[in-house]
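Please read the following account alongside the sequence and the coordinates. It proceeds from helix packing to the sheet and then to the aromatic rings.

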Amino acid sequence: MNDDAVPSRTGSRARAADDAPFRPRRARAVGLPVAAVLGVVLAAIAVGLTLAPTTDWTLADSALTLLFGLLLCGGLVRVVSVRAVPTAEALVVRNVVFTHRVEWGAVVAVRFGGDDPWLLLDTDDGQELAVMAVQRSDGEHARAEARRLARLVESRAPRAPRS
């Protein structure tokens with residue numbers, strides 16, 4: 001990733017900041033409250049319709065509604081829990097469904113541009129890996145996080161010996 005104006009940071013505090021996990025901001029700010037409200041509303045509907053004297057709503061209907069609510073809330077929580085955790089050897093990327101461990105030396109490029117909704121890593125095996133923890137919707141924060149990840153890749157990838 002090209003980065004013309006990245007100030008260099010030294011010291012253990014800068015190292016700790018660079019090693020902080022990557023997490024989306026806006027998705028977490030919206031997703032967690034939506035999951036909570038959705039859970040409360042579906043629980044209220046399930047209980048209210050079961051207790052209402054004029055409906056044919058059964059206990060099984062309520063149980064299925066609660067199960068559906070739990071699945072929706074669990075899915076939302078999984079979406080907002082995406083992250084990428086840098087370690088000394090690799091980047092551990094937890095997306096919605098899968099978790100990948102990418103060695104620093106396997107990262108060929110860090111891309112965050114075009115119309116992609118999140119950061120992409122090009123790997124030495126020709127694959128590209130979405131890093132959903134850095135999302136375009138986070139604006140300038142996401143661009144700063146992309147620069148931070150590019151710095152980490154550059155500083156931690158093993159160097160080929162010069163001849």
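Which elements are included in what covers the buried residues of helix 2? In this predicted model, the cover includes helix 3 (59-80) and strand 6 (128-135). The buried positions of helix 2 are Ala27, Gly31, Ala35, Leu42 and Ala46. An α-helix has 3.6 residues a turn, so residues three or four places apart point the same way. Helix 2 itself comprises 26 residues, numbered 26-51. From its first C-alpha to its last, helix 2 spans 38 Å, close to the 38 Å expected at 1.5 Å a residue.

Strand 6, which helps to cover helix 2, also belongs to an open sheet of three strands. The strand order is 4-5-6, and the pairing is antiparallel. Strand 4 (107-111) and strand 6 each have a single partner strand and stand at the edges, so one side of each lacks a neighbour in the sheet. From one strand to the next, the twist averages 25 degrees. Strands of a sheet pair through backbone hydrogen bonds, either parallel or antiparallel. Here, strand 4 and strand 5 (residues 118-123) run antiparallel and are joined by four bridges. Within this region, Arg111 stands opposite Leu120 of strand 5.

The aromatic side chains remain to be considered. The structure contains zero aromatic pairs. Two rings nevertheless have an arginine placed over them. The charged end of Arg136 sits over the ring of Phe112, 4.5 Å from the ring centre. Arg148 lies over the face of Phe22, at 3.7 Å from the centre of that ring.

Terms used:
Residues numbered from 1 in each chain as written. Predicted model: local features only at pLDDT ≥ 70, side-chain atom pairs only at ≥ 80, totals over all residues. Heavy atoms only, no water. Phe/Tyr/Trp six-rings, centres within 6.5 Å; stacked < 30°, edge-to-face > 60°. Lys NZ or Arg CZ within 6 Å of the ring centre and 35° of its normal. Helix = DSSP H or I, 4+ residues; strand = E, 2+ residues; numbered from the N terminus. Expected span 1.5 Å × (residues − 1). Buried < 20%, exposed > 50% of the residue type's maximum accessible area, 1.4 Å probe, protein only. Contact = heavy atoms within 4.5 Å. Pairing = 2+ DSSP bridges. Axes fitted to C-alpha atoms, helices over the stretch in contact; angles between N-to-C directions.
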